[in-house]
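Student: I should like to learn how to read a model of a protein with DNA. Could we go through the features in turn?

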Protein chains: 2
Amino acid sequence: MKTNEYDTYSCPVGKTIGLISGRWKPIILYLIQHDINRFGLLQKRMPKISRKVLTEQLRDLENQGLIDREVRVSSYPQEVFYSLTEKGSSLRMLIDQIFNWGTVNILDEPSRKMAVDLLIDHH
Amino acid sequence: MKTNEYDTYSCPVGKTIGLISGRWKPIILYLIQHDINRFGLLQKRMPKISRKVLTEQLRDLENQGLIDREVRVSSYPQEVFYSLTEKGSSLRMLIDQIFNWGTVNILDEPSRKMAVDLLIDHH
DNA sequence: TCAAGAAGTTACCAAACAGTAACTACCAAT
DNA sequence: ATTGGTAGTTACTGTTTGGTAACTTCTTGA
């Protein structure tokens with residue numbers, strides 16, 4: 001057997017995790033998917049994020065082709081809308097699986113309930 | 001609808017990604033799963049990792065209950081064996097899905113071939 | 001008794017990442 | 001001309017993470 005050499009930086013797992021590493025990225029993708037799609041709305045849901053970091057993470061996600069950024073100049077004040085690209089949407093499905101694994105394997109029962117309560121559109 | 005507040009540090013996605021964030025953790029889990037289970041063997045497959053960092057990451061994985069560490073004093077020189085716990089093994093399955101997503105969505109064709117070549121036990 | 005192999009530990013340094021606070025740009029209504 | 005709202009940017013700081021190089025421990029065979 002060959003003794004192949006491994007390095008995260010050339011591995012699809014490392015690259016994929018790189019897309020969503022950054023303290024807020026999975027949440028941002030989640031919120032955008034659920035039409036919390038404006039800069040200010042995102043800030044309201046993540047009160048602990050700063051504008052600077054929110055901007056950075058949105059730019060990262062945009063550069064990686066996971067979200068689209070649309071400026072509407074028509075209205076006042078000028079508004080910016082974010083939406084998932086197809087790639088971003090397929091990544092969201094993967095993140096759902098991560099969510100499920102984590103919910104079962106890491107959280108205790110009270111946390112599990114809280115996590116489920118935070119899901120948008122669940123009844 | 002309540003305007004719930006979100007933070008990665010209390011989210012199962014963030015916690016799960018936290019388990020495998022660290023430049024080498026997905027690879028370490030992968031190699032241990034395939035019986036590359038000794039400190040020295042792991043180093044041979046990851047020539048760019050330092051002993052210090054390898055130790056750190058192994059300790060993290062152990063503390064999170066993803067791997068077991070067994071010291072065999074019987075033989076000479078003293079040997080340390082690592083193995084996946086059940087939890088570690090179930091996480092590996094999740095990592096496989098991340099691998100598949102990344103292979104399809106990030107890598108170009110030559111990288112895809114290389115990634116597949118690096119898989120252990122594939123034919 | 002000492003050399004050698006496995007598996008670390010320690011001290012120290014550099015880069016990446018996250019955070020705060022203050023400042024900017026644009027535009028429309030008054 | 002000034003205010004108010006959205007969406008940023010900039011300068012600066014602190015924390016976390018990863019990296020190098022040298023040192024340590026344990027053991028046994030020569």
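**Reading the DNA surface and the two copies**

Tutor: We begin with the residues around the nucleic acid, bearing in mind that this is a predicted model. DNA strand C is surrounded by 21 residues, and the closest are Arg23(A), Lys52(A), Gly40(B), Arg69(B) and Tyr82(B).

Student: Which atoms of DNA strand C lie within 4 Å of the protein, those of sugar or phosphate or those of bases?

Tutor: Sugar or phosphate accounts for 59% of these atoms, and bases supply the rest.

Student: Which side chains have an N or O atom at a phosphate oxygen of DNA strand C?

Tutor: Two cases can be given. In chain A, an N or O atom in the side chain of Gln57(A) is 3.5 Å from a phosphate oxygen of the strand. In chain B, the corresponding distance for the side chain of Arg38(B) is 3.2 Å. The backbone can take part as well: a backbone N or O atom of Val80(B) lies 3.3 Å from a phosphate oxygen of DNA strand C.

Student: Which elements give two or more residues to the surface near DNA strand C?

Tutor: Chain A offers helix H4 (51-63), while chain B offers helix H3 (39-45), helix H4 (51-63) and strand E2 (79-84). H4(B) gives the most, with four residues.

Student: How many residues of each class does this surface have?

Tutor: The surface near DNA strand C has eight charged, seven nonpolar and six polar residues.

Student: How should I read a residue in a loop, such as Asn37(A), and is this residue buried or exposed?

Tutor: One asks where the residue sits, how accessible it is and what it touches. Asn37(A) is placed in the loop between helix H2 (25-33) and helix H3 (39-45) of chain A. Its relative accessible area is 17%, under the 20% limit, so Asn37(A) is buried. Leaving aside residues up to four places away in sequence, Asn37(A) touches Val80(A), Phe81(A) and Tyr82(A).

Student: How many disulfides does the structure hold?

Tutor: A disulfide is a covalent bond between the sulfur atoms of two cysteines. Over all chains, this structure holds zero disulfides. Cys11(A) counts as buried because its relative accessibility is 14%, and Cys11(B) is likewise buried at 14%.

Student: What rotation superposes chain A on chain B?

Tutor: A rotation of 180°, with 0.0 Å of shift along its axis, superposes chain A on chain B at an RMSD of 0.0 Å. The two copies are therefore related as by a two-fold rotation axis. Both copies use the same surface, since 100% of the contact residues of chain A recur in chain B.

Technical notes
Residues are numbered from 1 along each chain as its sequence is written. Chains are lettered from A and ligands numbered from 1 in the order in which they are written. This is a predicted model: local features need pLDDT of at least 70, side-chain atom pairs count only at pLDDT 80 or more; totals for chains, interfaces and linings use all residues. Side-chain values use heavy atoms; hydrogens and water are left out. A residue is near a molecule or strand if one of its heavy atoms lies within 4 Å of it. A polar contact is a pair of N or O atoms within 3.5 Å; within protein, one must be able to donate a hydrogen and the other to accept it, and residues adjacent in sequence count only if both atoms are side-chain atoms. Ala, Val, Leu, Ile, Met, Phe, Trp, Tyr, Cys and Pro count as nonpolar, Asp, Glu, Lys and Arg as charged, and the others, Gly among them, as polar. A disulfide is a pair of cysteine sulfur atoms within 2.5 Å. Buried means under 20% relative accessible area, exposed over 50%, partly exposed in between (1.4 Å probe, protein chains only). Contact means heavy atoms within 4.5 Å. Copies are superposed by least squares on the C-alpha atoms of residues with pLDDT of at least 70 in both.
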